[in-house]
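Colleague: Please walk me through one part of this model slowly, the way you would for someone in their first year. I'd like to see how one sheet and the helices around it fit together.

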Number of protein chains: 2
Amino acid sequence: MNTHFKFTEGGLSAVKGIKTAGVHAGIKKHKKDIAIIYSEKVAAAAGVFTLNKVKAAPLLISEEHLDASGGFCRAVVVNSGNANACTGSVGLANARAMGLAVAEALELAEEEVLVSSTGVIGVQLPMDLMISGIKKACEALSAGSSADAAEAIMTTDTYPKEAAVETVIDGKTVKIGGIAKGSGMIHPNMATMLGFTVTDLATTPVMLKEVLKEVADETFNMISVDGDTSTNDMLVILANGEAGNRKITEKDANYYAFKEALHALCRKLSELIVRDGEGATKFVTVKVINAPTVEDARKAARSITTSALVKTAIFGEDANWGRVIAAVGNSGAHFDPERIDMYMESAGGKEQMMQQGMGLAFSEETAKKILSEKDIIFVVDLQLGSAAATAWTCDFSYDYVKINADYRS
Amino acid sequence: MNTHFKFTEGGLSAVKGIKTAGVHAGIKKHKKDIAIIYSEKVAAAAGVFTLNKVKAAPLLISEEHLDASGGFCRAVVVNSGNANACTGSVGLANARAMGLAVAEALELAEEEVLVSSTGVIGVQLPMDLMISGIKKACEALSAGSSADAAEAIMTTDTYPKEAAVETVIDGKTVKIGGIAKGSGMIHPNMATMLGFTVTDLATTPVMLKEVLKEVADETFNMISVDGDTSTNDMLVILANGEAGNRKITEKDANYYAFKEALHALCRKLSELIVRDGEGATKFVTVKVINAPTVEDARKAARSITTSALVKTAIFGEDANWGRVIAAVGNSGAHFDPERIDMYMESAGGKEQMMQQGMGLAFSEETAKKILSEKDIIFVVDLQLGSAAATAWTCDFSYDYVKINADYRS
């Protein structure tokens, strides 16, 4: 593949016409807790939302607004510290009020504002703090403050997550910027995280939704920290058209050029989320190759990345490839147990552990070297087709348990 | 329900005509590692086996033998320390040789012996030690040594697991005894553990298989320690007819009386497995009630018991009911998020956390009292039908990570 894109600086602020803010409203004790992303022009917009059947109020409002506006948007408001989930009709009214407060402050239509929340479930939002915080954030909007927004959406994240890429489409430089948060509750099926991206590409809401869905399935939906899908996950993109390219209206070469750049951005944000997984000490890439279908490859890869037994073995630097194969066996993927090969590799070396379904007498010394690295790759070769998929995860450490044993208190 | 059964002593040895042995063959360094269960008469036999697509060699041989014998059996041989999984054609030949060694020593037909293994994956069995150990075990067979067999099938289990019940069927006293092993890799879908049960009931292989499957779905398949299904799980029952009841050949009242007693036995063995889960400090019962179907209730209950976030919160004694509800949302069960109620209870009290999909302002003090107990019950009321299911799990502790980080080394 020719890579036409390159990574740049600035996160959301890399894109012309986008202003951001991140402020402390008092929902969290001391840290920033409200972010606003604002587009000076009307932007085409699309989102993908959690598959958890229990959907938080802000997601319902955002979906409603995207429907009502026909896929156009001017602003996104996000709070951390409170998820506004399992909060009934009061929660729904509060999510709507968050959007309205932004619309009033920035003189927008109600449906031009998307709403997002993350934090503790089942507690009503402190609306007085929220409304005053939103006013403060709207006043603070500026062109270079992506880092403030990235900070304001954090929960147990230990660092803010930003990325930006640029590419050339139709002779024009197109930029894409994004921020994300993750940490706990990270698992396939709509991201299980928050991701907000902006671009100056000119395109339609329909194309934007299509490309966002395709890229999410290959990136955010292929990462796992602990196998739980949250009630609040969402990934959003706004496209303001400032790049001046001929508007993309079909899946042509320009569409795929943009997809490649958006994939790189989302891949980067996903990686930042996994590396910051609660208690993570390792970054593990799982490649399943030569599968009958992409769906089989994805199932097998995701089953490995969600296995507690695999993840604790990685923490222990134990070459327990049997657990990897058992996870493939549990995945529901179509494969032949007697054809499967398996390798582990890293900067420390490469070793084949399994050939045609049988364990090999591998070098424990090499295995130890491979697994002592921070970045590790598992390759599972199903030898039953030509489809492939990659998934990413971290290890399961003492600290994962510690962090999650007392998150709420 | 009238409970006609009662718990008794003796494990497998409670049943007349059953002899057992557990010896040290040298597959493990110091501990007992070969168990044999022997029926003096030909017994009707049935088994349920792992749903993992990677099936260990002994399971393939046991299924083959049950087919060949038409569901009759005289002996079961089990080794711990080596799973004989991912061992190819050599492993298959070794599993067959294990059965043959028993058949020769006890003068049985090859297909009258079932074979089972548990331990590390991908390493060939040390067949010299195995064959001499099997001879030793066959010589050691006796009527009162169920505890030796229970000990010989342990891996990371911290105590042997035995139970026995008796009931009255057709005017005759019927006894059932069992042993089990669990600890790591315990998860729904065929037990993910080893369980061996014997009874003096007179019945057919067809009825035996039916009742074993029904009971496994309500007991062993509803427990979870870490969400991974192993390559070696099996649950077996032998019925030698010594009780002298009129042979059960259909699902009549006698069938259900037996099922009730077998359920109690398997429920007890399952509980012993969960209580001994790797690193477990709590025993959690999850009841999902008023579901549209039993399948919905099971899905919801099992999703809660396999959530790492729920299990770490329990370890931390944190009343994080939001994670419980998020797990129901991820389960694929049919339910209405706006009808769901949720309670936590224990000897420390009872508290409703959620009503019709909304969080309640519950007493943190009572919640703390409830969760400080060792035995905790979660009740999720879907208010959308009349079906129910119960699942059991333990918490996710530091020790779980510690044990699994260096199991193989």
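Modeller: What follows is a close look at the sheet of chain A and the helices that go with it.

This is a predicted model, so keep its rules in mind: local features need pLDDT of at least 70, side-chain atom pairs count only at pLDDT 80 or more, and totals for chains, interfaces and linings use all residues. Residues are numbered from 1 along each chain as its sequence is written, chains are lettered from A and ligands numbered from 1 in the order in which they are written, and side-chain values use heavy atoms, with hydrogens and water left out.

Let's start with the sheet. In chain A, 7 strands make an open sheet, and reading across you get S9-S16-S11-S15-S12-S13-S14, with mixed pairing. At the edges are strand S9 (223–224) and strand S14 (358–359) of chain A; each has a single partner strand, so one side of each has no neighbour in the sheet. (Helices are DSSP runs of H or I with at least four residues, strands are runs of E with at least two, and both are numbered from the N terminus; two strands pair if DSSP finds at least two bridges between them.)

Now zoom in on the S9 edge. S9(A) runs parallel to strand S16 (residues 387–394) of chain A, and 2 bridges join them. One to look up is A:Ile223, whose bridge partner in S16(A) is A:Trp392.

Next comes the helix that packs on this sheet, H9 (residues 321–329) of chain A. H9(A) touches strand S12 (341–346), strand S13 (349–355), S14 and strand S15 (375–381) of chain A, where contact means heavy atoms within 4.5 Å. The direction of H9(A) makes about 125 degrees with that of S12(A). (Axes are lines fitted to C-alpha atoms, for helices over the stretch in contact, and angles run from 0 to 180 degrees between N-to-C directions.)

H9(A) has helix company too. Take helix H7 (residues 294–305) of chain A: its axis and that of H9(A) come within 8 Å and cross at roughly 130 degrees. That angle makes H7(A) oblique to H9(A). (Under 35 degrees is roughly parallel, over 145 roughly antiparallel, 65 to 115 roughly perpendicular, and the rest oblique.) Their crossing is right-handed; left-handed is when the near helix is turned anticlockwise from the far one by less than a right angle, and right-handed is when it is clockwise. H7(A) brings A:Ala300, A:Ser303 and A:Ile304, and H9(A) answers with A:Val324, A:Ala327 and A:Val328. Sorted by class, the contact of H7(A) with H9(A) has 5 nonpolar, 1 polar and no charged residues. (Ala, Val, Leu, Ile, Met, Phe, Trp, Tyr, Cys and Pro are nonpolar, Asp, Glu, Lys and Arg charged, and the others, Gly among them, polar.)

Then there's helix H8 (residues 308–315) of chain A, whose axis comes within 9 Å of that of H9(A), the two crossing at roughly 160 degrees. H8(A) and H9(A) are therefore roughly antiparallel, and their crossing is left-handed. From H8(A) come A:Leu309, A:Val310, A:Thr312 and A:Ala313, and from H9(A) come A:Arg323, A:Val324 and A:Ala327. Here the classes are 5 nonpolar, 1 polar and 1 charged. Notice that A:Val324 and A:Ala327 turn up in the contact with H7(A) and again in the one with H8(A).

Finally, have a peek at chain B. Its open sheet of 7 strands has the order S9-S16-S11-S15-S12-S13-S14, with mixed pairing.
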